[in-house]
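User: Could you take a close look at one part of this protein for me? I'd like a connected walk-through rather than a list.

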Amino acid sequence: MTTSSENIQDASSRDTTEGRVYTVTGGDWDTVLEDAIHDERIVINLGPQHPSTHGVLRLVLELEGESVTQARSVIGYLHTGIEKNCEYRTWTQGVTFVTRMDYLAPLSNEAAYCLAVEKLLGIEAPRRAQVIRVLLLEINRISSHLVALATGGMELGSLTAMTSGFREREEALHVLEFITGLRMNHAFIRPGGVAQDLPDGYEVKVKEFLQTMNKRLPDYDKLLTGQPIWRNRLKDVGYLPVDACLALGVTGPILRSAGLPWDLRKTEPYLGYEEYDFEVPTSNDADSFARYLLRVEEIHQSLRIISQALKMLEPGPVMVEDQKVAWPAKLTIGPDGMGNSLEHVRKIMGQSMESLIHHFKLVTEGFHVPAGQVYVPVESPRGELGYHLVSDGGTRPLRVHVREPSFVNLQSMPAMSEGGQVADVIAAVASIDPVMGGCDR
């Protein structure tokens, strides 16, 4: 580098495997990069601590001016080893791990895992337990989509969308807390049914929630749908046609925004979803705006399913009768959040040694699951969430592997983003709605 007066402010450079890298220590950027506009790239990191990358996601963008020429995602910053941990716990304890994967849709993970365990066992949860599962899943789907709208709004500069979305999500979490005892990571859906029956007053709480949501949902159309800035930021951004979705294995609202009405609740029903009357909204626009509209419409459809589930609830058991599987027995919510009922504890501690031994062995060792392997998918708020479980006949899984929609859908980020502006990358990632806990797991 020379020190003549004309180029004293030029940047020093060095060649690397990624191309030429400039070290800029001041001066006028326009002058420094004037000759590098057309044939040099700038590589920037977006994340993993950036507020607009939808979690601990790192994006490496190669830019030419403001245009993205290449985009790569770097994941693993939230890795928890949940699948491997499940191999060291009993089948029932596995629920408390998987519920922490996609922490915005914990009940979808619980349901898919338990359906897979039940398939291995060759049992089916009682009718009332299945309806309760559907009720919880749809409340959870609403709360998850509200986070997608809220965080997407925040990332695109609409702070009111964020405050409104989280306000409505609180309503959903209040109902889930009332029913399960916890706001998130419920571990309420168990192999064989659910942990306990619905508490007194659940119907009033759920109906109030339905009333509140039906009243407030039209506000989102007033705030966002017809708003020119919102439309301009999302329309024709993050385009991904149906053939690209199928090639990448993308499911959920992204696939439905490209025109394919693929929803496992309709195409491969589980938990009696074939008995419910609801629509699968689709669009042919295949862009970020279509995905926003679909999520709002899916909230409406979930509200329909919830009101139907309330009418379908009939008296009956919420756990299978087989005492070798049904654990924990006679559970009630105590001051500690969860705990066995005093009557049950009194009985097994003071009246029946056999009951105490059985309870102790069931809790500490768990139940045996016949050898075999299964794959069971459900429709999570982000797409197909599938559990592949392998059993060797023991009390613990031999292998747990999850087909996680956030992980698969994130593959579409480069296809959506390359060729667009940096600002469009933010909109595209928000429309994918990845949850990094599920992606990294």
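In which helix is Ser144 found? Start there and work outwards, please.

Analyst: Ser144 is found in helix H5. One thing to keep in mind as you look: this is a predicted model, so everything below is computed from predicted coordinates.

Let's stay with that serine for a moment. Ser144 has a relative accessibility of 0%, and it therefore counts as buried, given that the cut-off for buried is under 20%. As for what surrounds it, if you set aside the neighbours within four places in sequence, Ser144 is in contact with Leu104, Pro381 and Arg382. So the contacts of Ser144 include Leu104, at a lower residue number, and the pair Pro381 and Arg382, at higher ones.

Helix H5 itself covers residues 127–155, and Gln130 lies in it as well. Gln130 comes out at 14% relative accessibility, so it also falls under the 20% cut-off and counts as buried. Skipping residues up to four places away in sequence, Gln130 touches Glu124, Ala125, Leu271 and Gly272. Put next to each other, the two H5 residues read like this: Gln130 touches Leu271 and Gly272, among others, while Ser144 has Pro381 and Arg382 among its contacts.

For contrast, go to strand S2, which spans residues 19–23 and holds Tyr22. With 26% relative accessibility, Tyr22 counts as partly exposed, because buried would need a value under 20% and exposed one over 50%. Tyr22 and Ile42 sit 20 residues apart in sequence, and their C-alpha atoms are 9.3 Å apart in space.

Now a helix pair elsewhere in the fold. Helix H7 (residues 202–225) packs with helix H12 (residues 288–312) at an angle of about 160°, and their axes are 11 Å apart. Anything over 145 degrees counts as roughly antiparallel, so that is how H7 and H12 run relative to each other. The crossing of H7 with H12 is left-handed. Sorted by class, the H7–H12 contact has 15 nonpolar, 4 polar and 3 charged residues.

Zooming out, the protein has 18 helices and 12 strands. Of its 441 residues, 54% are buried, and Ser144 and Gln130 both count as buried. Taking contacts between residues at least 6 apart in sequence, 67% of them join residues at least 24 apart. The accessible surface comes to about 19700 Å², with 53% of that belonging to carbon and sulfur atoms.

Methods:
Residues are numbered from 1 along each chain as its sequence is written. This is a predicted model: local features need pLDDT of at least 70, side-chain atom pairs count only at pLDDT 80 or more; totals for chains, interfaces and linings use all residues. Side-chain values use heavy atoms; hydrogens and water are left out. Axes are lines fitted to C-alpha atoms, for helices over the stretch in contact, and angles run from 0 to 180 degrees between N-to-C directions. Helices (H or I, at least four residues) and strands (E, at least two) are DSSP runs, numbered from the N terminus. Angles under 35 degrees count as roughly parallel, over 145 as roughly antiparallel, 65 to 115 as roughly perpendicular and the rest as oblique. A crossing is left-handed if the near helix is turned anticlockwise from the far one by less than a right angle, and right-handed if clockwise. Ala, Val, Leu, Ile, Met, Phe, Trp, Tyr, Cys and Pro count as nonpolar, Asp, Glu, Lys and Arg as charged, and the others, Gly among them, as polar. Buried means under 20% relative accessible area, exposed over 50%, partly exposed in between (1.4 Å probe, protein chains only). Contact means heavy atoms within 4.5 Å. Accessible areas come from the Shrake-Rupley method with a 1.4 Å probe; for residues, only the protein chains shown count as cover.
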